Amino acid sequence: MTKLIIDTDPGIDDAMAIFYAAAAPEIELLGLTTIFGNVTTPMATRNALRLLEAVGVDAPVAEGAHQPLNLPPFPPSANVHGAEGFGDIPASTPKGRALDEDAADFLIRMARTHKGELVVCPIGPLTNIAIAMQRDPEFVSNVKAIVIMGGSLEEGGNITPHAEANIYHDPHAADVVCTAGNKVVLVGLDVTHRILCTPDDFSQIAAKAPNLGGMLQDMSHFYLKFYLEVAGLNGCSLHDPTAVIACTHPELFEMRSVAMSVSCEGDTSGATLSSPDSGRVPVRVCVGVEADTVKALFLERLSTLS
Ligand code: BDR
Ligand code: CA
């Protein structure tokens, strides 16, 4: 079993990733930590609680940072994920509440408790992970891996020509995390742009799992419209679910070791840069993927939900 914490800004593809994790028999979901990005951090916390309650997973949620390490706050990506984070699905209040402990302290505590076993999967900006590294020098050695949806090596950006959104929204934090060496796996646009989920795919999920698959299909309309209008694609990239799948199925990915830094200034801010002269220990960057297998796994697992 993979002991997993997902650090998330839900977010439509975040919802897909969390439902996938709940459905995957080889994943033990130990909790969610929340971050701004697609929505504000308080909305991310509310949405994380809503998703866990919907899918029936009794796991804690710890709220994270409300703004980037150095930059001023960004407005949420409402044009991509809707005003409340789930497309056209309106806001609703969860029954539960977040822990009193903040995200970084929760991550540090869980990494100590499950020393050498915990996989952290950030699928939003990396602020909480950088804070955990700064608060606890043992954090990186305590975790098994940090498998990140973010960045790109050759694909360019999606929020600017150079930057992927999660890295762009806190480049200083991403640069801190890139010092963590080979514990870090970047699942970026080089692979997530190879995996598209079409309206027919969502219909298939909804037919097999009317309740939760239907919820994802309802959310997907807004996301698919964005992809059609902005990229001319009849489908959306499975960004965040692909990172969760990389946590348990690394054999489906081709990885390259790259000493990495992150541009924090100017037009290239948020670009992930190969920096062989930086003296940094290389991180692992996904550069190839068995796209059909990843997508089949996603569809198959989600179809087992209610
Ligand atoms: C990433 O940005 C967010 O919009 C998505 O949820 C995903 O984590 C893709 O660049
Ligand atoms: Ca996300």
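What follows is a chat about the cores, the calcium site, the pockets and two loops of a predicted model.

Visitor: Before we start, what are the ground rules here?
Guide: This is a predicted model, in which local features need pLDDT of at least 70 and side-chain atom pairs count only at pLDDT 80 or more, while totals for chains, interfaces and linings use all residues. Residues are numbered from 1 along each chain as its sequence is written, chains are lettered from A and ligands numbered from 1 in the order in which they are written, and side-chain values use heavy atoms, with hydrogens and water left out.

Visitor: OK, which residues have the most contacts inside the largest nonpolar core?
Guide: Leu4, Ile6 and Phe298 do, in a core of 64 residues; such a core is a set of buried Ala, Val, Leu, Ile, Met, Phe, Trp, Tyr and Cys residues joined through side-chain atoms within 4.5 Å, where buried means under 20% relative accessible area, exposed over 50% and partly exposed in between (1.4 Å probe, protein chains only). Helix 1 (residues 12-23) gives the most to this core, with nine residues; helices (H or I, at least four residues) and strands (E, at least two) are DSSP runs numbered from the N terminus.

Visitor: And what is Ile6 in contact with?
Guide: Leaving aside neighbours within four places in sequence, the partners of Ile6 include Ala17, Ile18, Ala21, Leu29, Cys121, Ile123 and Val244, with contact meaning heavy atoms within 4.5 Å. A second, separate core of 38 residues includes Ala104, Leu107, Ile167 and Val177.

Visitor: Switching to the metal, what are the protein donors of the calcium ion (ligand 2)?
Guide: Asp9, Asp14 and Asp240 donate through OD atoms, with Asp14 listed twice, and Ile123 through its O, at 2.2 to 2.6 Å from the ion. Donors are N, O and S atoms within 2.8 Å of the metal (3.2 Å for Na, K and Ca), and sites may look incomplete because water is not among the atoms. Along the chain, the donors follow the spacing D-x4-D-x108-I-x116-D. Asp14 lies in helix 1 and Asp240 in helix 12 (residues 239-248), so this pair ties together parts that are 226 residues apart in sequence.

Visitor: Are Asp14 and Asp240 buried or exposed?
Guide: Both Asp14 and Asp240 are buried. In helix 12, 10 of the 10 residues are buried, so this helix is largely enclosed by the rest of the structure.

Visitor: How much space lies in the largest pocket?
Guide: About 510 Å³. On a 1 Å grid over the protein atoms alone, a pocket is an open set of points where a 1.4 Å probe fits, with protein on both sides within 12 Å along at least five of seven lines, and lining residues have an atom within 4 Å of a point. Of its 29 lining residues, the closest to the centre are Val80, Asn158, Ala165, Phe226 and His239, and helix 11 (212-231) supplies the largest share of the lining, five residues.

Visitor: What about the second largest one?
Guide: The second largest pocket holds about 150 Å³, and its lining includes Thr2, Lys144, Met255 and Arg284. Strand 5 (145-149) and helix 12 each supply at least two residues of that lining.

Visitor: Last thing, where is the cis peptide bond?
Guide: The bond from Pro10 to Gly11 is cis, with omega near -10°, and Gly11 lies in the loop between strand 1 (2-8) and helix 1.

Visitor: And where is Gly157 found?
Guide: Gly157 is in the loop between strand 5 and helix 7, and its C-alpha atom is separated by 8.8 Å from that of Gly270, 113 residues apart along the chain.

Conventions
Points joined across faces, edges and corners; volume = space filled by probe spheres on them.
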